[in-house]
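I opened my notebook to look up a few things in this structure, one entry at a time. Come along and check each entry against the picture.

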Amino acid sequence: MNSLLRYAHLFNGEPMHDYKWLNEYCLNRFGSAKALEALLPVPHTPKQLMAFGDDRYLSTMALRVFRAGLKHSLVDAKWPAFEEVFFGFDPEKVVLMGADHLERLMQDTRIIRHLGKLKSVPRNAQLILDIAQEHGSFASFIAQWPVDDITGLWQYLAKHGNQMGGLSAPRFLRMVGKDTFIPSQDVVAALNAQNIVDRVPTSKRDQAIVQDVFNQWHAQSGRPMCQLSAMLAFTVNH
């Protein structure tokens, strides 16, 4: 059965529009294919993802954790100090930072002094080291994860990482360039309007439904998930 039709009964509505509708909507909104393409993100290739050191993945993961709930520009302005106090986010050094070290960081006015978020950094360093031991590098693990199960990667990071639940995992992946859709407010509103899900997809069931829809669009268009996500968001508030 066509996966767009499979869930049509869930909320007593019509099935999700196919990619042809989505593309035509966006072309009509922006006037041309060139104008649309200029607005769409481009994910990194697996080779590009593999080129990042695991220290950069840890830095970006920590940046996402500290950005959550705070003004991004405030966090970004302090990030050079974070790079310094966390030894350039070298996982093998960060993982050795104990409670006393983190307590001392709570006195450092150059950084954001949130103990729970500070504690997440060595814990996520351990995650990266554990994955690297099994897969050769954390970069390899991220690069090789199949996009048609990207919600599975969200779930893995949320379960095994620290403070990586909610939107943190997909936003972290987008920040490092891994292809993913993001259930942003506009994306969820568009999915709700077309009777696919009626809430932010936090459960495995709802994430599977949304993954299946994006997989169908990907198969129809060949577009990466991040572009499909952006195009769907463009259908809201217009």
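**Entry 1: a lysine on the inside**

I am working with a predicted model, so I treat each value as computed from that model. I began with the side chain of Lys-117, which reaches the backbone oxygen of Val-65 at 3.1 Å. I then looked up where Lys-117 sits, and found it in helix α9, residues 115-135.

Which side chain of opposite charge is nearest to Lys-117? I found that it is Asp-76, 12 Å away. Lys-117 is buried and has no salt bridge. I noted that a salt bridge needs a side-chain nitrogen within 4 Å of a carboxyl oxygen, so Asp-76 does not serve as a partner at that distance.

I also listed what Lys-117 touches, leaving out residues up to four places away in sequence. The list is Val-65, Phe-66, Ala-68, Leu-70 and Gln-163.

**Entry 2: a glutamine from that list**

I followed Gln-163 next, and its place is in the loop between α11 and α12. Its phi is near 60°, a positive value in a residue other than glycine. Is Gln-163 buried, exposed or partly exposed? I wrote down partly exposed, because its relative accessibility is 36%.

I looked up Asn-195 as well, since it also is not a glycine and has a positive phi, of about 65°. Asn-195 is found in the loop between α13 (185-193) and α14. With a relative accessible area of 23%, Asn-195 is partly exposed.

**Entry 3: helix α12 and its cover**

Which residues of helix α12 are buried? In this helix, residues 168-176, I noted Ser-168, Ala-169, Pro-170, Phe-172, Leu-173 and Val-176. I then asked what covers them, and the cover includes α4 (46-51), α5 (54-67), α10 (138-144) and α11 (150-160). Just after α12 comes Gly-177, which takes a positive phi of about 100°.

I picked Phe-172 for a closer look. Leaving aside its neighbours within four places in sequence, Phe-172 is in contact with Tyr-57, Thr-60, Met-61, Arg-64, Phe-138, Leu-157 and Met-164.

One of those partners, Thr-60, is found in helix α5. Thr-60 counts as buried because its relative accessibility is 17%, and buried means under 20%. Not counting residues up to four places away in sequence, Thr-60 touches Phe-172, Met-175 and Val-176.

**Entry 4: the core**

How many residues does the largest nonpolar core have? I wrote down 66. The residues with the most contacts inside this core are Phe-82, Phe-86, Phe-138 and Phe-172, so Phe-172 from my last entry turns up again. The core draws at least three residues from each of domain 1 (18-31 + 179-237) and domain 2 (47-147).

**Entry 5: salt bridges**

I reminded myself of a simple idea first: side chains of opposite charge can pair when their charged atoms come close. The structure holds 9 salt bridges, and I went through some of them.

Arg-223 forms one with Glu-37, and the closest N and O atoms are 2.4 Å apart. This pair links distant parts of the chain, with the two positions 186 residues apart in numbering. Arg-223 lies in the loop between α14 (204-221) and α15 (225-234), while Glu-37 lies in helix α3, residues 33-39. Arg-223 is buried, with a relative accessible area of 12%, whereas Glu-37 is partly exposed at 37%.

The side chains of Glu-83 and Arg-56 also meet in a salt bridge, at 2.9 Å from N to O. I found Glu-83 in helix α6 (residues 72-85) and Arg-56 in helix α5, 27 residues apart. Glu-83 is buried, with a relative accessible area of 19%, and Arg-56 is partly exposed at 32%.

My next pair was Asp-108 with Arg-110, where the closest N and O atoms are 2.9 Å apart. Asp-108 is buried, with a relative accessible area of 15%, and Arg-110 is partly exposed at 37%. To finish, I noted that salt bridges that share partners join Asp-198, Arg-199, Arg-205 and Asp-206 into one network.

Key:
Residues numbered from 1 in each chain as written. Predicted model: local features only at pLDDT ≥ 70, side-chain atom pairs only at ≥ 80, totals over all residues. Heavy atoms only, no water. Helix = DSSP H or I, 4+ residues; strand = E, 2+ residues; numbered from the N terminus. Buried < 20%, exposed > 50% of the residue type's maximum accessible area, 1.4 Å probe, protein only. Lys, Arg positive; Asp, Glu negative; His and termini not counted. Polar contact = N/O pair within 3.5 Å; in protein donor to acceptor, adjacent residues only side chain to side chain. Contact = heavy atoms within 4.5 Å. Core = buried A, V, L, I, M, F, W, Y, C linked by side-chain atoms within 4.5 Å. Domains from an automatic or database assignment.
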